[in-house]
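Biologist: Could you pull up the model, so that I can quiz you on the words you use for it?
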Amino acid sequence: MMQDISTYCSATYTWGQFTPAFILIGLAAVLIMADTFVKSLPKRAYSLAAGFGALLVACYVYSGEHANAFGMLACLGTALSIFLAFDYTKVCCASIAGGSSEEGTGEFYALPLVACAGIICLTQAVDLIMVFVSLEVVTLTSYVLAGYFRRNQGSVEAGIKYLVLGAMSTGILVFGAAWYFGMSGTFILDSTVVIDTLRGGQVASGTVALGFLMAVALLFVGAFFKVGAAPMHIWIPDVYQGAPTPTTTFLAVASKTAGFALLCTLVTPFRTLAVPGIPVADMLVTAFAIVAAATLLIGNLGALFQTNAKRLLGYSSIGQAGFILIFFVNLDGIFELYSAMYMLAYTLATAAAFYAVAMVRTQRGSEEISAFRGLGKTNPRTAFLITVSFASLAGVPLTFGFIVKMYSFIALISAMQNWACLIWLLPVMIICATAGFYYYFKVIRAMYWEKPQADDKPLCVPFCTGLVLSICTVILILMGSWPLIAGM
Amino acid sequence: MTIPLAHYLIFSGILFSIGLAGVLIRKNILVVFMCLEMMLSAANISLVAFSRAQGTNGIPVYDAQVLSLFIVAIAAAEVSIGLALIVAMFRATRSVDSTSLNTLKD
């Protein structure tokens, strides 16, 4: 029995849902206006205002009526990337305006807020128009931010590469949206729409179902680009290495959160179909399993031979995305919750790692892993904090990273109850988790086993870097040892 | 005489394929940009055609046309950012060829 299309034809949004987004956009507008008209204000004030604004909105999103974990994570990631820029305003000025002039650097602190507002809208989207517009708000601002250090060739190159590949994935996503509409007659992402259209719509034709599958595949390609899943991962190492480090942090934590929020929105309508034997469910699970395996292998094996720390973290972010994709292989599980939890562990550890890279880069003049040499001797406390964050990325027991990686394995095992053929994914995951230990420990090895050179002074730890490193480390260890404490 | 839906879809499919191939094959960044715009236009054509086809009694479903308006607006923003980046790139490398983008690689 077909349902009348008009019953699910209009998406319902309330103004209250978008209050956090409005606050962020308002703050960004105020900052850009101030940047234009109040020249005397130092730019560090902007980064402080933007960072604390994002933190407050994170609390609001988390506690408010429309609580959503991905929105909170996005605000947190944005705040962390802005605070990183706060520590290095001098470097930003030198790379943007050349010299010590602060001319034209204000937007660098305001634009992440706009992108964050886009992510909050994206997490609440229930139809493809909202998905498209809010996704573009995020990506357009990211292009600007990636190419912001226009005197630096790497940054411009990262900006162009990101723009070309990003626009291509947008084109694919939009083409998918057009076909989604053409086959189903609505933009709403809803299980009723999906089930009806897969039966062939009102005319029950196989062509409609086939066209709909193509549309869904194109939409997934767009989402895979955002999260950096194979084969749409090509941009990640180049852009992460070339972009300004605050922007790289933003892309690695906030933008990836947006990708997984989008993936959840797209996959949720298919959850009711997640019964073995239904062809669509089998197809989706197989597709996700292949993409997850390819992502895991490319990310983790590609990282093995990297010497540049930012590029290493780029490959690491591909590898970690592979572990998160495993939650989606378990199609009838609660993948929103688990992927948000994994993203929290990943956000804290990755942000801390980027703070460390920025600190080493500005004071030793190199982003290579070898620049971490001897930190264990010269800065023992900082070296310990960096060790914990890299250990959590690798998944060492007693850190948060271990717990979430374990959940990833559990998700695969519970998926195997329905789809036993997925067992081939288990050795892939084990190989990749082991490879992680090798390449994350390259940094730790450089800190403790390599001798500092004669002219290496101890690093001076900027205020925000010290604070963020300590807080992230404490949370990573507390969450990691929580099962032990709670168990006793 | 009305043109059937299939013709629009085939046309937009061809346009999309040409755009995608151009992005992947061409070396000149400006041409790559035109190809990107072509992909978005292809999506617009399908959207407008579908909006008419899904309509009843000659009234199209306006949802699809709203999305195509959004696409036009966002494509314009994207081009302005892209051209700014191309100008910055030309200043740095004196070239608009994608082969000159070679500082970042494994």
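**Asking what the labels rest on**

Modeller: Go ahead, and keep in mind that this is a predicted model. Helix α5 (residues 107-123) of chain A is mostly covered, with 17 of its 17 residues buried. From first C-alpha to last, α5(A) reaches 24 Å, close to the 24 Å expected for its 17 residues.

Biologist: Let's take one residue, then. Why is Thr257(A) called buried?

Modeller: The cut-off is 20 or more other C-beta atoms within 10 Å. Thr257(A) has 33 such neighbours, so it counts as buried. Thr257(A) is found in helix α11 (residues 245-267) of chain A. Beyond four places in sequence, Thr257(A) touches Phe70(A), Leu73(A), Ala74(A), Gly77(A), Ile119(A) and Met343(A). Lys226(A) is 31 residues from Thr257(A) in sequence, and the two C-alpha atoms are 8.9 Å apart.

Biologist: Zooming out, how do you know whether the radius of gyration of chain A agrees with a compact globule?

Modeller: The rule is 2.2 Å times the number of residues to the power 0.38. For 488 residues that gives a radius near 23 Å, and chain A has 22 Å, so the value agrees with a compact globule. Along its principal axes the C-alpha trace of chain A spans about 80 × 55 × 45 Å. As for its make-up, chain A has 19 helices and zero strands, and 59% of its 488 residues count as buried.

Biologist: What share of the contacts in chain A join residues at least 24 apart?

Modeller: That share is 78%, counted among contacts between residues at least 6 apart in sequence.

Biologist: What makes Cys116(A) and Val329(A) stand out in the largest nonpolar core?

Modeller: Of the 216 residues in that core, Cys116(A) and Val329(A) touch the most other members. Helix α14 (residues 335-364) of chain A gives the most to the core, with 20 residues. Leaving aside neighbours within four places in sequence, the contacts of Val329(A) include Val285(A), Phe288(A), Leu412(A) and Leu422(A).

Biologist: On to chain B. Which element gives the most to the side of chain B that touches chain A?

Modeller: First the totals: 33 residues of chain B are in contact with 34 residues of chain A. The elements giving two or more residues to that side of chain B are α1 (5-25), α2 (29-54) and α3 (62-93). Of these, α3(B) gives the most, with 15 residues. By class, that side of chain B has 26 nonpolar, five polar and two charged residues.

Biologist: And how do you know that the span of α3(B) is close to the expected one?

Modeller: The expectation is 1.5 Å times one less than the number of residues. With 32 residues, α3(B) should reach 46 Å, and its span from first C-alpha to last is 46 Å, close to that value. Buried residues in α3(B) include Leu67(B), Ile71(B), Ile74(B), Gly82(B) and Met89(B). The buried residues of α3(B) pack against α6 (128-146) and α7 (153-184) of chain A, together with α2 of chain B. Just after α3(B), Arg94(B) takes a positive phi of about 60°.

Biologist: Last one: where does pLDDT stay under 50 in chain A?

Modeller: Over residues 1-8, for which the model has 11 contacts beyond four places in sequence. Where pLDDT is low, the predicted coordinates should not be read in detail. For chain A overall, the mean pLDDT is 91, and 97% of residues reach 70 or more.

Definitions and conventions:
Residues are numbered from 1 along each chain as its sequence is written. Chains are lettered from A and ligands numbered from 1 in the order in which they are written. This is a predicted model: local features need pLDDT of at least 70, side-chain atom pairs count only at pLDDT 80 or more; totals for chains, interfaces and linings use all residues. Two residues are in contact if their C-beta atoms, placed from the backbone, lie within 7 Å. Helices (H or I, at least four residues) and strands (E, at least two) are DSSP runs, numbered from the N terminus. Ala, Val, Leu, Ile, Met, Phe, Trp, Tyr, Cys and Pro count as nonpolar, Asp, Glu, Lys and Arg as charged, and the others, Gly among them, as polar. A residue is buried if 20 or more other C-beta atoms lie within 10 Å of its own, exposed if 12 or fewer, and partly exposed in between; C-beta atoms are placed from the backbone. A nonpolar core is a set of buried Ala, Val, Leu, Ile, Met, Phe, Trp, Tyr and Cys residues joined through C-beta atoms within 7 Å. pLDDT is the predictor's confidence in each residue, from 0 to 100.
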